[in-house]
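Here are my notes on this one, in the order I would go through them with the model open. Skip around as you like.

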Amino acid sequence: GVEVTGVTVLFTVFEMDAGPIVGQAELVLSGDEKADELLPLLFDQGSDLLLQVLPDVFSGEKKQHGEGCVMQDDAAATHAAKMSKEEGELWFTENAMYAHNKVRAFAGWPGTTAEFVINSMEPDEEKIKVKIVTTRVRRKVGGAVLGVHQISCDDTTNTLVITCDDGSQLDVIEIQPPGKKAMDAKSFWNGMRGRRVERARVPWSPGALPVGSLK
């Protein structure tokens, strides 16, 4: 959930994400951008920045060995592990802001999925794995809520309302049912034809994947 991202132009060296920094530019985020939407914006910003700093490189003001550049602190580097599809599973055991940022970060690949239960405890009970495409935070601060697993549809905003374990709430704007294309939440709700929809019940977890996570 960072508030600012950006791009960097640097001289390449025989190390990962290292080298003297020639120039940098920031991009302030609104908090709703998704990774696949943000990438082309950063490409454009990076191209503009490259054109701005090239004259300094050609004139020799900024040099490969670091003169005129900002040197990186290798000791401050952090390692980002390779993402897995399991990381994209949503269980709503965290705050709604965490879930929203997860949807934003994993947009495209691996995407974010959730398990819904249709007509729970009835003879026609059905479990489906849906892809959560677009969300927004409805209520940041949690609190006591009855029926925390029940999913409803807000006819005013045309969104699905999902309550997290801490009582915070997430609006689902776009969703993709199994075997179908992404659709708006209202269309998904209409397709349920009055059947009850709940999020799967899993043991509360402070961040680790719950027992019985989707495979």
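1. In which strand does Thr113 lie? Thr113 belongs to strand E4. Keep in mind that this is a predicted model. Thr113 is buried, because its relative accessible area of 17% falls under the 20% cut-off. From its C-alpha atom to that of Ser84, 29 residues away along the chain, the separation is 13 Å.

2. Now the main core. The largest nonpolar core has 23 residues, and Phe116, Val130, Ile132, Leu160, Ile175 and Phe188 have the most contacts inside it. At least two core residues come from each of helix H2 (96-105), strand E4 (112-118), strand E5 (126-139), strand E7 (159-163), strand E8 (169-176) and helix H3 (185-191). Apart from this one there is another core, made of 10 residues, including Val7, Val9, Leu42 and Leu49. As general background, nonpolar side chains in soluble globular proteins tend to be buried together.

3. Leu160 is a good residue to click on. Once neighbours within four places in sequence are set aside, the contacts of Leu160 include Phe116, Ile151, Cys153, Leu170, Val172 and Ile175. Ala185, Phe188 and Trp189 are also among the contacts of Leu160, and so are the polar residues Ser152 and Asp171.

4. On to helix H1, residues 35-59. Does the end-to-end distance agree or disagree with the expected span? The two agree: 25 residues at 1.5 Å a residue should span 36 Å, and the end C-alpha atoms are 36 Å apart. H1 nevertheless has a kink of about 35 degrees at Val53, shortly before the proline Pro55. Just after the helix, Gly60 adopts a positive phi of about 90 degrees.

5. What does H1 pack against? Its buried residues pack against strand E1 (4-10) and strand E2 (21-28). The buried residues in H1 are Leu38, Leu42, Gln45, Gly46, Leu49 and Val53, so Val53 is both buried and the site of the kink. Leu42 and Leu49 turn up again in the core of 10 residues.

6. Helix H2 is mostly covered, with 7 of its 10 residues buried. The buried ones are Ala96, Ala99, His100, Asn101, Lys102, Val103 and Arg104. They pack against H1, E3, E4, E5 and E8.

7. H2 also matters for the pocket question. The largest pocket holds about 460 Å³ of space. It is lined by 17 residues, and the closest to its centre are Gly1, Ala35, Asn101, Arg104 and Ala105. H1 and H2 are the elements that give two or more residues to the lining, and H2 gives the most, with 5 residues. Asn101 and Arg104 are also on the list of buried residues in H2.

8. Leu90 sits in strand E3 (residues 89-90). With a relative accessibility of 4%, Leu90 counts as buried. Leaving out neighbours within four places in sequence, Leu90 is in contact with Ala99, Lys102, Val103, Thr112, Thr113, Ala114 and Ile132. Thr113, from the opening question, is thus one of the contacts of Leu90. The C-alpha atoms of Leu90 and Arg199 are 109 residues apart along the chain and separated by 9.8 Å.

9. Asp154 is in strand E6 (residues 152-154). Is Asp154 buried or exposed? Asp154 counts as buried, at 15% relative accessibility. Not counting residues up to four places away in sequence, Asp154 touches Arg138, Thr159 and Val161.

10. A few backbone items to check. The peptide bond from Trp109 to Pro110 is cis, with omega near 0 degrees, and Pro110 lies in the loop between H2 and E4. Asn119, in the loop between E4 and E5, has a positive phi near 50 degrees although the residue is not a glycine. Arg193 likewise has a positive phi near 50 degrees in a residue other than glycine, and is found in the loop between H3 and strand E10 (197-199).

11. How exposed are those two positive-phi residues? Asn119 counts as buried, at 11% relative accessibility. Arg193 is exposed, with a relative accessible area of 76%.

Conventions
Residues numbered from 1 in each chain as written. Predicted model: local features only at pLDDT ≥ 70, side-chain atom pairs only at ≥ 80, totals over all residues. Heavy atoms only, no water. Core = buried A, V, L, I, M, F, W, Y, C linked by side-chain atoms within 4.5 Å. Buried < 20%, exposed > 50% of the residue type's maximum accessible area, 1.4 Å probe, protein only. Helix = DSSP H or I, 4+ residues; strand = E, 2+ residues; numbered from the N terminus. Contact = heavy atoms within 4.5 Å. Expected span 1.5 Å × (residues − 1). Bend = angle between axes of the 7 residues up to and from the residue. 1 Å grid on protein atoms, 1.4 Å probe; cavity = no way out; pocket = protein on both sides within 12 Å on 5 of 7 lines; lining within 4 Å. Points joined across faces, edges and corners; volume = space filled by probe spheres on them.
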